Amino acid sequence: MNQWIAVGALTFVAIAVPLSLLVVSYLLRPSVPEQGKSAVYESGEVPTGNTRIRFNIQYYMVALLFLVFDIETVLIFPWTVIYRDAVQSAGLVAALVPMLIFIGVLVVGLAWAWRNGAVQWIHSQNSSGTTRQ
C-alpha cells in the first residue's frame, strides 16, 4: 500500500475535524444578541472613560527580549547536557561552533536592541534639550 495514502488521510482528518467542529458549534449555539455583549467590558463593570489607552512600547520590547533569552535558555540547556558526548563523537569544533554561532546571533541582536534604546527605560530631558538617563 502506498505511504502517501496514509499521509493524505491524516491531512484530510486534520482539516475535517476542526472544520466540522466549527460548523456544529455554529449551528448549535444560541444566538441571543443583547447590549451587554456588545459592551467594551463583559465583566459586569460599567466602563468609564476611553478604552483606548496608549501603552509604552518599552513593555513590548522587554517582553520580546525576555522571549528571546528564554528561548535561548531552552535551547542551550539540552546542548549542555549532551556536550561531552557530542565532543567525544563529533569533535570539539563540530560540537562547539554551532552553539557559538547561535549565541553570537543573539549577542548581535542584544547589541542592536541596546543601541536602539530598547533596554533603556526612562528618558528625561534636561534644560539643554538633550536626553539623559
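**Exercise 1.** Count the helices and strands in this predicted model, then work out the order of the elements from the N terminus on.

*Solution.* Start with the tally: the secondary structure comes to three helices and two strands. Now walk the chain from the N terminus, and the elements read α-α-α-β-β.

**Exercise 2.** What share of the residues of the protein counts as buried, and what share of the accessible surface belongs to carbon and sulfur atoms?

*Solution.* Take burial to begin with: of the 133 residues, 8% count as buried. Then turn to the surface, which comes to about 11,800 Å². Carbon and sulfur atoms hold 68% of that area. To round things off, look at the contacts with a separation of 6 or more: residues 24 or more positions apart account for 45% of them.

**Exercise 3.** Find the residues that make the nonpolar surface patch of about 600 Å², and place leucine 75 in its element.

*Solution.* Pick out the members: Leu64, Phe66, Leu67, Ile71, Val74 and Leu75. Next, locate leucine 75, which sits in helix H2, residues 57–90. Finally, check its exposure: the relative accessibility of leucine 75 is 44%, so this residue counts as partly exposed, the class between 20% and 50%.

**Exercise 4.** How many aromatic pairs does a search of the whole structure find?

*Solution.* The search turns up one. The partners are tryptophan 79 and tyrosine 83, with 5.0 Å centre to centre and 55° between the planes, which makes the pair tilted. Both residues lie in helix H2, four residues apart, or about one turn of the helix. As for cover, tyrosine 83 counts as partly exposed because its relative accessibility is 27%.

Conventions:
Residues are numbered from 1 along each chain as its sequence is written. This is a predicted model: local features need pLDDT of at least 70, side-chain atom pairs count only at pLDDT 80 or more; totals for chains, interfaces and linings use all residues. Side-chain values use heavy atoms; hydrogens and water are left out. Patches are made of residues with over 30% relative accessible area and no salt bridge: like charges are joined within 9 Å, nonpolar side chains (Val, Leu, Ile, Met, Phe, Trp, Tyr) within 5 Å. Accessible areas come from the Shrake-Rupley method with a 1.4 Å probe; for residues, only the protein chains shown count as cover. A salt bridge is a side-chain nitrogen of Lys or Arg within 4 Å of a carboxyl oxygen of Asp or Glu. Buried means under 20% relative accessible area, exposed over 50%, partly exposed in between (1.4 Å probe, protein chains only). Rings of Phe, Tyr and Trp (its six-membered ring) pair if their centres lie within 6.5 Å; planes under 30 degrees apart count as stacked, over 60 as edge-to-face and the rest as tilted. Contact means heavy atoms within 4.5 Å.
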